[in-house]
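Open the model in your viewer, keep the selection box handy, and follow along from stop to stop. Each stop tells you what to pick and what you will find there.

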Amino acid sequence: MSNWSKEERLFLALYRYGLWRDPLPLDLFEGQVRWDAVIGLARSQTVVGILTEGIEALPKPLRPEKPVYFGLIANTSDIESKNKRMNEFIPLLMSQLEGKGVHSVLLKGQGVAACYPNPLHRMPGDIDLYIPDEAEYEKARGLMLQIGKEAEEENPEIKHSAFEAYGFLIELHGSFRFFISRRCRNHTDLWRDLAMPAGLGSCRTWSKFTVPPVRFDVIFIFGHLLGQFMGGGIGLRQVSDWMVFIRANKVIDHVGDGVLKSDLDLLGLTGYWQAFASMAVCLLGFPKEEMPFYDPAFDRKGRRVLQNIFYTGNFGARQKAHHLSADTNAIAKKAVTLFGQLPVYWRNFWLFPRDTAYCFHQYLWGSISGLV
């Protein structure tokens with residue numbers, strides 16, 4: 001940890017306490033602490049609730065000043081309230097859809113939140129429902145338009161829709177692809193059929209939510225965060241989701257090393273997994289004996305992965321702060337966005353050169369197509 005700034009070390013110590021209850025190095029918190037920088041990291045990584053747990057565990061003399069501390073408590077209380085609302089709303093929504101003949105399964109989100117030590121402290125996001133039947137997906141679109149409004153234009157190629165309803169963003173997925181590499185993209189459907197052999201009949205109930213089987217979820221959660229990492233940036237919330245899912249579901253015992261390895265190899269994600277596993281074990285406090293395929297040979301890559309995550313923030317929050325407003329000339333806005341993204345792809349290039357080139361090509365083509 002010697003190459004990290006004091007603020008980054010403080011942040012990681014508090015974060016590890018919030019996730020795993022690792023002992024806090026109290027001597028590190030003595031003297032002057034730039035709490036604005038520590039809390040700024042938590043906000044850019046969307047893990048304020050987790051960090052607050054660590055700060056609450058500090059002796060009172062080592063905590064931030066009262067206005068800052070109570071501001072965090074209030075912020076965490078808001079996170080708890082939204083989580084409670086989502087936990088009540090999602091089963092009701094899925095039940096009503098099922099009553100209309102639409103069968104769905106919850107992806108990520110509140111299903112993964114249930115794996116956390118304190119599920120209410122995970123920063124809530126969107127509601128993602130997977131509806132593999134094409135006719136049911138179309139019916140769901142019509143039903144959502146009755147209770148909300150379309151938040152963005154549908155992408156018919158991957159059957160993706162987004163709606164705003166009751167204060168939530170609800171995304172419907174009729175299909176999906178992992179846009180990480182050509183191999184990953186081309187083998188997504190084959191992997192899905194292997195990991196969810198009976199379709200929605202393979203699904204399970206986890207903390208009152210209908211969620212995919214463990215074999216599906218562990219790869220889907222990882223593939224989803226990788227797609228964001230390669231295409232713009234992630235926060236530690238996504239990494240936290242992946243880690244707590246592995247631990248809570250005892251993935252090594254439930255899925256088995258052989259099956260998990262074959263899925264990763266099929267999609268070309270084994271090297272990514274090992275880099276992220278090193279980051280998780282060496283820097284984020286994940287127990288080494290519970291992490292599949294941890295290999296010390298990847299520790300240097302794991303450190304660089306975390307550096308990249310710190311540089312970009314959740315969904316590239318740091319570079320998005322420099323984007324132009326929505327009413328700016330489209331070409332100028334695209335140009336500024338492109339130049340903001342270049343450092344992200346450059347940093348990733350030194351980790352995963354071939355796939356970064358592929359992702360950049362896809363991003364560039366999409367940006368140009370959007371102007372035509």
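Start by selecting Val 33 and showing what surrounds it. Not counting residues up to four places away in sequence, Val 33 touches Lys 6, Leu 10 and Val 38. Val 33 itself sits in the loop between α1 (6-20) and α2 (35-44). Is Val 33 buried or exposed? Its relative accessible area is 15%, so Val 33 counts as buried, the cut-off being under 20%. Now add Glu 136 to the selection and draw a distance between the two C-alpha atoms: Val 33 and Glu 136 are 103 residues apart along the chain, and 54 Å separates their C-alpha atoms.

**Zoom out**

Take in the whole chain for a moment, remembering that this is a predicted model. Coloured by secondary structure, the chain shows 16 helices and 7 strands. The radius of gyration is 21 Å, close to the 21 Å that the globule rule gives for 372 residues, so the chain is as compact as a globular protein of that length. Turn it along its principal axes and the C-alpha trace spans about 60 × 50 × 40 Å.

Switch on a surface next. About 16,900 Å² of the chain is exposed, and 53% of that comes from carbon and sulfur atoms. Of the 372 residues, 51% are buried. If you display contacts with a separation of 6 or more, 68% of them are between residues 24 or more positions apart.

**The strands**

Select β2 (127-130). Which residues of β2 are buried on each side? Ile 127 and Leu 129 are buried on one side, and Asp 128 and Tyr 130 are buried on the other, so both faces of the strand are covered.

Now bring in the partners of β2. Strand β1 (residues 105-107) runs antiparallel to β2, and 3 bridges join them. To see one of these pairings, pick Leu 106, whose bridge partner in β2 is Leu 129. Strand β5 (residues 168-173) pairs with β2 too, in the parallel sense and over 4 bridges. Here, look for Ile 127 standing opposite Ile 170 in β5.

Move on to strand β3 (residues 149-155) and strand β4 (residues 160-165), which pair in the antiparallel sense over 4 bridges. Select Glu 150 and you will find Phe 163 of β4 opposite. Then follow the chain around the turn: β3 and β4 form a hairpin with 4 residues between them, and Lys 159 in that turn has a positive phi of about 50 degrees.

**The salt bridges**

How many salt bridges does a search of the whole structure find? The count is 15. Here are three to visit, and then a network.

Begin with Arg 122 and Asp 241, whose side chains meet at 2.8 Å, N to O. This pair links distant parts of the chain, 119 residues apart: Arg 122 is in the loop between α5 (109-113) and β2, while Asp 241 is in helix α9 (residues 236-248). Both partners are buried.

Next, show the side chains of Arg 204 and Asp 217, which form a salt bridge at 3.6 Å, N to O. Arg 204 belongs to strand β6 (residues 204-206) and Asp 217 to helix α8 (residues 214-231), so this bridge ties together parts that are 13 residues apart in sequence. Arg 204 and Asp 217 are both buried.

Go back to helix α9 for the third, between Arg 247 and Glu 290 (3.1 Å, N to O). Arg 247 lies in α9 and Glu 290 in the loop between α12 (270-282) and α13 (299-312), 43 residues apart. Arg 247 is partly exposed, with a relative accessible area of 32%, and Glu 290 is also classed as partly exposed, at 26%. For the network, select Arg 177, Asp 189, Arg 192 and Asp 193, which are joined by salt bridges that share partners.

**Last stop: Thr 270**

Finish by selecting Thr 270 in helix α12. Its relative accessibility is 13%, and Thr 270 counts as buried. What does the side chain of Thr 270 make a polar contact with? The partner is the side chain of Asp 265, at 2.5 Å. Leaving aside neighbours within four places in sequence, the residues in contact with Thr 270 are Lys 261, Leu 264 and Asp 265.

Note on methods. Residues numbered from 1 in each chain as written. Predicted model: local features only at pLDDT ≥ 70, side-chain atom pairs only at ≥ 80, totals over all residues. Heavy atoms only, no water. Salt bridge = Lys/Arg side-chain N within 4 Å of Asp/Glu carboxyl O. Helix = DSSP H or I, 4+ residues; strand = E, 2+ residues; numbered from the N terminus. Buried < 20%, exposed > 50% of the residue type's maximum accessible area, 1.4 Å probe, protein only. Polar contact = N/O pair within 3.5 Å; in protein donor to acceptor, adjacent residues only side chain to side chain. Contact = heavy atoms within 4.5 Å. Rg over C-alpha atoms; globule rule 2.2 N^0.38 Å. Areas by Shrake-Rupley, 256 points an atom, 1.4 Å probe, with all protein chains shown as cover. Pairing = 2+ DSSP bridges.
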